[in-house]
Amino acid sequence: MNIETNPQAQDAGGAKVRTGIADCDIHPSPRDFEKEVYPFLETRWQRYIESYGMVQRVGFMGGTQYPKGQPRASRRDSFPPGGGGPGSDLAFMRQQHLDPHNVELGVMIPLRVGQQILNIDLAIAICSAMNDWQIAEWTSQEPRLKGSILTAYQDAGAAVREIERHAGKDDFVQVSMLSRTPEPMGNRMYWPIYEAAAAAGLPVGVHAFGYGGTPVTGGGWPSYYMEDMMAHSQSCQALITSMVFEGVFERIPGFRLVIVEAGIAWLPALAWRLDAIWRKNRGELTAVKRPPSDYIRECIWLTSQPIEEPDTRQHLVDAIDWIGWDRVLYASDYPHWDFDDPQQVLPVKLTRAQRDNFFRDNAFSAYGLSDG
Amino acid sequence: MARHVVASVEEFDKTDRKLVQVKGRPIVVFRLGEEWFAMSNRCPHMGGSLCEGQLISLVEAERPGEVTMSREGEILRCPWHGWEFDIRTGQSRARPAAFRSRQHPVSVVSGAEAESVGNLETFEVRRDGRYVVVEI
Ligand code: FES
């Protein structure tokens, strides 16, 4: 197979290479919430939003705790020329990202609207509306794009109903959660969601961020946005540990987890430590039947962006060797400011198999898609 | 190094920048008052398009809270990850030793001189006009 991040590339015989890449983290957003999402919301919720807003577990109505690195956390060149916010114009997304980078499978993860709203009924209604919106505005119009089923995961029953409503549709490739949950992710309150995802043949994609109501680090609120960003690897290490030790992977056959936007190089070290701890504490960790690294190796994938950029580039290759070349999925994070360009993201020499895995094949296995 | 006519000065009446192609290479030309700068449009970090970047001031602080701003418009901020480059030297502010954007000498010449520069295929040159020339 010839993976090409550049659709113009020619192979040695001069034929156009047409095998595209998979981008596992793209953020669409409504250009006009009222026009695009209201049609999927009951009138009472439309009125509610107008009167009370969408209050999240954070002290700000419109913004986040930390000002982002760029306006709207986005590349400055991603504001569509016709107006609207970054990621709100399909034609421009095609022109700026999907076409030039030869994206054949683009996994969309809508952020900031729906999940972790304090009024749980509103959260359920908005997640559901956002799922219909993904179909209406995106997946029905662009077959390269696939959606993520947003769930109000504070209420597992409602989340399960939402997963079942979309199970089997080829518009969606995963169930979406955010990493900073109100309770650690191994908590049994979430198990029905994981079971429903596994039953639908979908992985749960956990994107970094979210507002669980606790500080972004275990040691409280840090001073800088960059610390908020760095804290994603901590929160994801904590959630993987919680899921392993609570026995999620053991109990739910077929459960798959994709960790999105939290870095990657920390995973091997985490697995080493968990194995050592587990061996010495089997009396307490009775739900864990096999070494934690087994579950991690079998059930977890990581997206690449923001990829580590060590001065000695080979170190990144070493890290992926330890994680497994079948486990890392290319992601751009388009249109966000910390975008990784597929042509630059791995500035090292790769074997054909490594490239194929990283840019394409791993995504098809993580999402359980047949590569056609 | 060859000289290339890339634009007429009037094209900068309403903008402070222009993206041009020279021998297939994207070059961004900036006008800062009467000064001209040109550099490769590809950010040396990951290739962000520098002509979409903001021109900001040099922001420095001797100690926390004592912030000074100077050299207005002389620092170019990449539209992607926000790396800042000195428009005069191309040097990265964060890691001057490791990264610099590729600079090219720019000059402004009269129409008469522009004709002698050659490389005019895409240009109709008026003798009384003024033209921007980039050396590559
Ligand atoms: S591409 Fe310019 S800062 Fe990263």
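How much accessible surface does chain B have, and what percentage of it belongs to carbon and sulfur atoms? Keep that in mind as you open the viewer, and remember that you are looking at a predicted model.

**Stop 1: chain B as a whole**

Select chain B and show its surface. The accessible area comes to about 7300 Å², and carbon and sulfur atoms contribute 47% of it. Now switch to the C-alpha trace and turn it along its principal axes: the spans are about 55 × 25 × 20 Å. Of the 136 residues in this chain, 48% count as buried.

Next, colour by secondary structure. You should find 1 helix and 10 strands in chain B. Walking from the N terminus, the elements come in the order β-β-β-β-β-β-β-β-β-α-β. If you display contacts with a separation of 6 or more, 47% of them in chain B link residues 24 or more positions apart.

Colour the charged side chains too. Chain B carries 19 positive and 20 negative ones, and the centres of the two sets are 6 Å apart.

**Stop 2: a sheet in chain B**

Stay in chain B and pick out β2, β3, β4 and β8. These 4 strands make an open sheet in the order β2-β3-β4-β8, with antiparallel pairing. At the edges are β2 (17-22) and β8 (103-104) of chain B, each pairing on one side only.

Zoom in on β4 of chain B, residues 35-40, where an antiparallel pairing with β8(B) runs over 2 bridges. To see one bridge pair, select M39(B) together with Q103(B), its partner in β8(B).

**Stop 3: a parallel pair in chain A**

Move to chain A and select residues 21-26, strand β1. This strand is mostly covered, with 6 of its 6 residues buried. β1(A) pairs with strand β2 of chain A, residues 103-108, in the parallel sense over 4 bridges. Show D23(A) as sticks and look across to G106(A), which stands opposite in β2(A).

**Stop 4: H97(A)**

Is H97(A) buried or exposed? Select this residue in helix α3 of chain A, residues 90-98. H97(A) counts as buried because its relative accessibility is 0%. Beyond residues up to four places away in sequence, H97(A) touches D23(A), I26(A), F92(A), V103(A), S332(A), Y334(A) and F339(A).

**Stop 5: G83(A)**

Now go to the loop between α2 (43-52) and α3 of chain A, where G83(A) lies. With a relative accessible area of 26%, G83(A) is partly exposed. Setting aside neighbours within four places in sequence, the contacts of G83(A) are with R31(A) and S88(A). For a distance to try in the viewer, pick the C-alpha atoms of G83(A) and W221(A): they are 35 Å apart in space, and the two residues are 138 residues apart in sequence.

**Stop 6: helix α5 of chain A**

Finish with residues 156-166 of chain A, helix α5. Its buried residues are A156(A), A158(A), A159(A), V160(A), E162(A), I163(A) and H166(A). As you look down the helix, recall that residues three or four places apart point the same way, because an α-helix has 3.6 residues a turn.

Which elements help cover the buried residues of α5(A)? Among them are α4 (120-139), β3 (145-150), β4 (172-178) and α6 (191-199) of chain A.

Then check both ends. D155(A) caps the N-terminal end of α5(A), with a side-chain oxygen 3.1 Å from the backbone nitrogen of G157(A). Just after the helix, G168(A) adopts a positive phi of about 90°.

Conventions. Residues are numbered from 1 along each chain as its sequence is written. Chains are lettered from A and ligands numbered from 1 in the order in which they are written. This is a predicted model: local features need pLDDT of at least 70, side-chain atom pairs count only at pLDDT 80 or more; totals for chains, interfaces and linings use all residues. Side-chain values use heavy atoms; hydrogens and water are left out. Two strands pair if DSSP finds at least two bridges between them. Buried means under 20% relative accessible area, exposed over 50%, partly exposed in between (1.4 Å probe, protein chains only). Contact means heavy atoms within 4.5 Å. Accessible areas come from the Shrake-Rupley method with a 1.4 Å probe; for residues, only the protein chains shown count as cover. Lys and Arg count as positive and Asp and Glu as negative; His and the chain ends are not counted. The place of a charge is taken as NZ of Lys, CZ of Arg, CG of Asp or CD of Glu. A polar contact is a pair of N or O atoms within 3.5 Å; within protein, one must be able to donate a hydrogen and the other to accept it, and residues adjacent in sequence count only if both atoms are side-chain atoms.
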